[in-house]
Amino acid sequence: MECFLQVSSQAELPTKFGEFRIQSFREQREGQSFDHLVVFTAHLESPPLVRLHSECLTGDVFGSQKCDCGEELAMSLQRIYAHPQGGMLLYLRQEGRGIGLFNKINAYALQDQGYDTIEANRAIGFRDDERDYGVVQEIFKYYNIEEICLLTNNPQKVEALSAFVKVERHSIIVPSNCHNAQYLETKKNKMGHLL
């Protein structure tokens with residue numbers, strides 16, 4: 001899938017996790033525009049610690065307990081800042097595994113009725129996972145990255161990124177709670193996540 005990228009300037013991003021830099025990559029594809037973010041340490045050595053984090057407004061901003069996204073985001077930034085070779089978090093604008101916020105809320109409503117995340121996506125006409133990682137290849141090229149330590153439990157991400165760079169997987173496990181237990185079981189049993 002062909003995409004066109006615009007790259008913003010870099011800026012300082014002081015956070016509670018440490019001092020980072022931030023840059024935006026505007027992806028234009030299929031008549032749409034997506035502003036992805038890259039949050040990275042000032043020093044980047046090989047192999048950096050990398051997290052691909054798909055946007056999750058409900059988890060990242062509102063602290064939803066239905067998923068593990070917000071906690072993974074916080075843990076990733078902590079670990080990236082502490083990593084000796086530095087690293088980066090790619091914040092990809094692919095809400096709800098790529099179905100968008102509006103559809104994700106409709107899927108949430110089905111989950112309230114007992115559907116798991118996969119069943120809910122299918123019920124509203126989507127595949128299990130609609131995300132595309134093609135833009136990541138362009139971002140890695142921009143930063144001249146050829147090898148990474150990838151923070152993920154998702155073997156599909158490892159496979160997708162292995163087409164662009166050498167990948168060593170590092171797990172990222174956050175505690176479950178009574179609201180996300182089924183969500184995590186679905187990730188493990190239906191999506192093959194290494195939990």
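How many disulfides does the count come to in this structure? The count comes to zero disulfides, in what is a predicted model. The points below take up the cysteines, then the aromatic rings, of which the structure holds five pairs, and then the largest pocket, with a volume of about 290 Å³.

**Cysteines**

- Cys67 takes part in no disulfide, and the nearest cysteine sulfur to its own, that of Cys69, is 3.6 Å away, whereas a disulfide calls for two cysteine sulfur atoms within 2.5 Å.
- Cys67 is also buried, with a relative accessible area of 6%.
- For Cys178, the closest cysteine sulfur is the one in Cys67, and because 14 Å lies between the two sulfurs they are too far apart for a bond.
- Cys178 has a relative accessible area of 71% and is therefore exposed.
- Cys149 belongs to strand 7, which covers residues 147-151, and with a relative accessibility of 5% Cys149 counts as buried.
- Cys149 and Glu168, although 19 residues apart in sequence, have their C-alpha atoms 4.8 Å apart in space.

**Aromatic rings**

- Among the five aromatic pairs of the structure is that of Phe25 and Tyr142, which is edge-to-face because the ring planes stand at 85°, with the ring centres 5.3 Å apart.
- Since Phe25 lies in strand 3 (residues 18-29) and Tyr142 in helix 6 (residues 134-142), this pair ties together parts that are 117 residues apart in sequence.
- The two partners are set apart by their accessibility: Phe25, at 1% relative accessibility, counts as buried, while Tyr142, with a relative accessible area of 41%, is partly exposed.
- Phe25 and Tyr142 also belong to a cluster, linked by ring pairs, that includes Phe40 and Tyr143.
- Elsewhere, a charged side chain meets a ring, as Lys66 lies over the face of Tyr108 at 4.2 Å from the ring centre.

**Largest pocket**

- The largest pocket, whose volume is about 290 Å³, is lined by 16 residues, and the closest of these to its centre are Phe34, Arg93, Gln94, Gly98 and Ile99.
- Sorted by class, the lining of the largest pocket is made up of eight charged, five nonpolar and three polar residues.

Technical notes:
Residues numbered from 1 in each chain as written. Predicted model: local features only at pLDDT ≥ 70, side-chain atom pairs only at ≥ 80, totals over all residues. Heavy atoms only, no water. Buried < 20%, exposed > 50% of the residue type's maximum accessible area, 1.4 Å probe, protein only. 1 Å grid on protein atoms, 1.4 Å probe; cavity = no way out; pocket = protein on both sides within 12 Å on 5 of 7 lines; lining within 4 Å. Points joined across faces, edges and corners; volume = space filled by probe spheres on them. Nonpolar A, V, L, I, M, F, W, Y, C, P; charged D, E, K, R; others polar. Phe/Tyr/Trp six-rings, centres within 6.5 Å; stacked < 30°, edge-to-face > 60°. Helix = DSSP H or I, 4+ residues; strand = E, 2+ residues; numbered from the N terminus. Lys NZ or Arg CZ within 6 Å of the ring centre and 35° of its normal.
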